[in-house]
Amino acid sequence: MIEFLRFDRFISPAILICCYYVGAIFMPLALWLLRKRLLHFLSEHFHTFTSLRQSLREGWQSLSLHRIILTILAFVLVFLMMEIAWRMLFEAMIGYFDMHDYLYRISRQAAS
């Protein structure tokens, strides 16, 4: 407990892993489940959003089946790339804190 209070040991890796899963799983799921409310809110408060949404709906309906499939695949690919980038970000942060812990231990051993 003393190490924690003196900031000799970080709690960040455990917290970062929790935050990673919240961002990787729960946030996309929550956005998907709340998308209708979010669209309704944006339409009510931003009138230009309503016209943009109508234009996008008309454009989507005019697409051929081939273009619809390509568009869906593009969105899935972008989603997967963002998930990988999210993972890499957290791996870098966790790696930083692990390096800090290892260097701290080495410096403590060298001092004693």
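Biologist: I have just opened this structure. Where do Arg87 and Glu91 lie?

Modeller: Both Arg87 and Glu91 belong to helix 5, and they are four residues apart, about one turn of the helix. Before we go on, keep in mind that this is a predicted model.

Biologist: Thanks. What do the side chains of Arg87 and Glu91 form where they meet?

Modeller: They form a salt bridge, with 2.8 Å from N to O. The idea is a distance test between a side-chain nitrogen and a carboxyl oxygen, with a limit of 4 Å. The pair is within that limit, so it counts as a salt bridge. By this rule, one salt bridge is found.

Biologist: Are Arg87 and Glu91 buried or exposed?

Modeller: The general idea is to look at relative accessible area: under 20% is buried, over 50% is exposed, and in between is partly exposed. Arg87 has 39%, so it is partly exposed. Glu91 has 43%, which also makes it partly exposed.

Biologist: Let me turn to confidence. What pLDDT does the chain average?

Modeller: The average is 88, and 96% of the residues score at least 70.

Biologist: Which elements have the lowest and the highest mean pLDDT?

Modeller: Helix 1, residues 2-5, has the lowest mean at 70. Helix 5, residues 65-111, has the highest at 91. Our salt bridge partners Arg87 and Glu91 lie in helix 5.

Biologist: Now the rings. How many aromatic pairs are there?

Modeller: The count is four. To read a pair, look at the distance between the ring centres and then at the angle between the planes: under 30 degrees is stacked, over 60 is edge-to-face, and the rest are tilted. For Trp86 and Phe90, the centres are 4.8 Å apart and the planes meet at 55°, so this pair is tilted.

Biologist: How many residues apart are Trp86 and Phe90 in helix 5?

Modeller: They are four residues apart, so about one helical turn separates them. Their exposure can be read in the usual way: Trp86 is partly exposed at 31% relative accessible area, whereas Phe90 is buried at 7%.

Biologist: What kind of aromatic pair do Tyr96 and Phe97 form?

Modeller: Tyr96 and Phe97 are edge-to-face, with 5.2 Å from centre to centre and 70° between the planes. Tyr96 is partly exposed, with 47% relative accessibility, while Phe97 is buried at 17%.

Biologist: Which residues form one aromatic cluster?

Modeller: The members are Tyr20, Tyr21, Trp86 and Phe90. You can select those residues in the viewer and look at them together.

Biologist: Where does the charged end of Arg87 sit?

Modeller: Arg87 has its charged end over the ring of Tyr20, 5.6 Å from the ring centre. The test is a distance within 6 Å and a direction within 35 degrees of the ring normal. Arg35 is placed in a similar way, with its charged end over the ring of Trp32 and 4.0 Å from the centre of that ring.

Biologist: And the surface? Which residues form a nonpolar patch?

Modeller: Ile17, Tyr21, Val22, Ile25, Phe26 and Met27 make up this patch, and together they have about 560 Å² of accessible area. Met27 lies in helix 2, residues 12-33, and is partly exposed with 45% relative accessibility.

Biologist: Last topic: sequence separation against spatial distance. How far apart in space are Ala74 and Phe97?

Modeller: Compare the two separations for each pair. Ala74 and Phe97 are 23 residues apart in sequence and 35 Å apart from C-alpha to C-alpha. Ala74 is in helix 5. Cys19 and Phe90 are 71 residues apart along the chain, and their C-alpha atoms are separated by 8.9 Å. Cys19 belongs to helix 2 and is partly exposed at 36%.

Biologist: What separates the C-alpha atoms of Ser43 and Arg53?

Modeller: They are 8.4 Å apart, with their positions ten residues apart along the chain as the separation. Ser43 is in helix 3, residues 35-45, and is buried at 17% relative accessible area.

Conventions. Residues numbered from 1 in each chain as written. Predicted model: local features only at pLDDT ≥ 70, side-chain atom pairs only at ≥ 80, totals over all residues. Heavy atoms only, no water. pLDDT = per-residue confidence, 0-100. Helix = DSSP H or I, 4+ residues; strand = E, 2+ residues; numbered from the N terminus. Phe/Tyr/Trp six-rings, centres within 6.5 Å; stacked < 30°, edge-to-face > 60°. Buried < 20%, exposed > 50% of the residue type's maximum accessible area, 1.4 Å probe, protein only. Patch = residues over 30% accessible without salt bridge, like charges linked within 9 Å, V, L, I, M, F, W, Y side chains within 5 Å. Areas by Shrake-Rupley, 256 points an atom, 1.4 Å probe, with all protein chains shown as cover.
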